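Let's take a walk through this one, starting from a single exposed side chain and working along the helix that carries it. Have the structure open as you read.

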Amino acid sequence: MKVVWQLLAVAAVAFLGQQGVAAVAGNPWLTLIMGGLTAVLAAIAYRWVVRRTEHRPVTELAGPGAGRALGRGTVIGFALFALVIANIALLGAYDVRGWGTFPGAVGLIGFMAAAAVTEELLFRGILFRFVEKWTGTWIALVATGVLFGLAHLFNPHASLWGALAIAIEAGGLLTAAYVATRKLWVPIGLHFGWNFAAAGIFGTEVSGNGTPQGLLDAVTSGPALITGGDFGPEGSLYSVLFCVLGTSAFLWLAHRRGRLVRRRHAERAADVTTLSR
């Protein structure tokens with residue numbers, strides 16, 4: 001029941017926050033505030049419910065070093081997406097028509113912060129963490145990655161390929177970042193940096209969501225496997241390539257740090273937990 005209570009607590013905050021953001025849509029400054037508030041309240045809810053259900057310090061959201069970890073994750077996420085756009089642009093498939101809107105970019109900060117925090121708490125902080133205890137790192141990484149991809153099928157311009165790409169890119173990269181650090185700050189930063197770069201800076205679609213215009217007024221054109229089509233550059237083969245490289249780097253780091261959990265060790269830990277109740 002622990003996983004159920006944790007999912008319910010964070011999902012409730014995420015849902016209410018989403019309704020609040022939708023209610024102030026069109027006002028970027030209120031969107032910034034509402035999105036930021038949702039992110040903060042979701043983290044508070046996660047800390048509270050984990051302490052109540054697991055009776056332990058919430059080390060994955062520890063305060064010391066959080067700012068630096070968030071910053072590193074944001075820079076890496078931004079850089080990865082910039083590499084994707086640079087390669088699409090080199091093929092002549094990305095065109096900047098002019099400036100978008102600065103207020104639009106500001107509003108997207110709040111929107112993307114709320115999405116990054118709530119999704120990382122739900123998928124990495126809760127689902128992956130529990131599944132890893134039962135099955136080990138590798139099965140948990142694949143299973144929760146697939147689930148994360150499938151969740152994006154509900155987006156307005158979703159496609160099966162887009163969901164598969166998200167499962168490989170984000171499901172792999174963000175989970176690997178968590179495994180390597182055993183903290184949620186880096187994957188939250190990665191998630192935010194990637195999404196904000198996509199919509200807030202480069203003016204492209206994010207996961208087929210129909211995101212508002214950001215700092216640049218830009219369009220993509222050409223083969224969907226290069227540009228991602230209506231789903232956005234996350235459906236591009238370049239995104240898959242660069243995120244797989246990033247995933248490999250984080251998993252290598254996790255291996256070096258001894259943070260990969262083998263299946264038999266996970267089963268043993270689960271047995272001990274069961275006997276101790």
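Start at leucine 160, which is exposed, since its relative accessible area is 66% and the cut-off for that label is over 50%. Bear in mind that this is a predicted model. Leucine 160 has company out there: Val142, Val146, Leu150, Leu153, Phe154 and Leu160 make up a nonpolar surface patch of about 630 Å². The top contributor to that patch is helix α5, residues 137–151, which supplies three residues.

Leucine 160 itself belongs to helix α6, which covers residues 160–181. So is α6 as a whole enclosed or open? Largely enclosed by the rest of the structure, because 18 of its 22 residues are buried.

One of the residues to look at inside α6 is glycine 162. Glycine 162 has 0% relative accessibility, so it counts as buried, the limit being under 20%. Now find glycine 208: it sits 46 residues from glycine 162 in sequence, yet the two C-alpha atoms are 8.3 Å apart in space.

Follow α6 further and you'll reach isoleucine 166, where the helix bends by about 25 degrees. From first C-alpha to last, the 22 residues of α6 reach 31 Å, which is close to the 32 Å expected at 1.5 Å a residue.

And what comes after the helix? Arginine 182 follows α6, and its phi is positive, near 55 degrees.

Terms used: Residues are numbered from 1 along each chain as its sequence is written. This is a predicted model: local features need pLDDT of at least 70, side-chain atom pairs count only at pLDDT 80 or more; totals for chains, interfaces and linings use all residues. Side-chain values use heavy atoms; hydrogens and water are left out. Patches are made of residues with over 30% relative accessible area and no salt bridge: like charges are joined within 9 Å, nonpolar side chains (Val, Leu, Ile, Met, Phe, Trp, Tyr) within 5 Å. Accessible areas come from the Shrake-Rupley method with a 1.4 Å probe; for residues, only the protein chains shown count as cover. A salt bridge is a side-chain nitrogen of Lys or Arg within 4 Å of a carboxyl oxygen of Asp or Glu. Helices (H or I, at least four residues) and strands (E, at least two) are DSSP runs, numbered from the N terminus. Buried means under 20% relative accessible area, exposed over 50%, partly exposed in between (1.4 Å probe, protein chains only). The expected span of a helix is 1.5 Å times one less than its number of residues. The bend at a residue is the angle between axes fitted to the seven residues ending there and the seven starting there.
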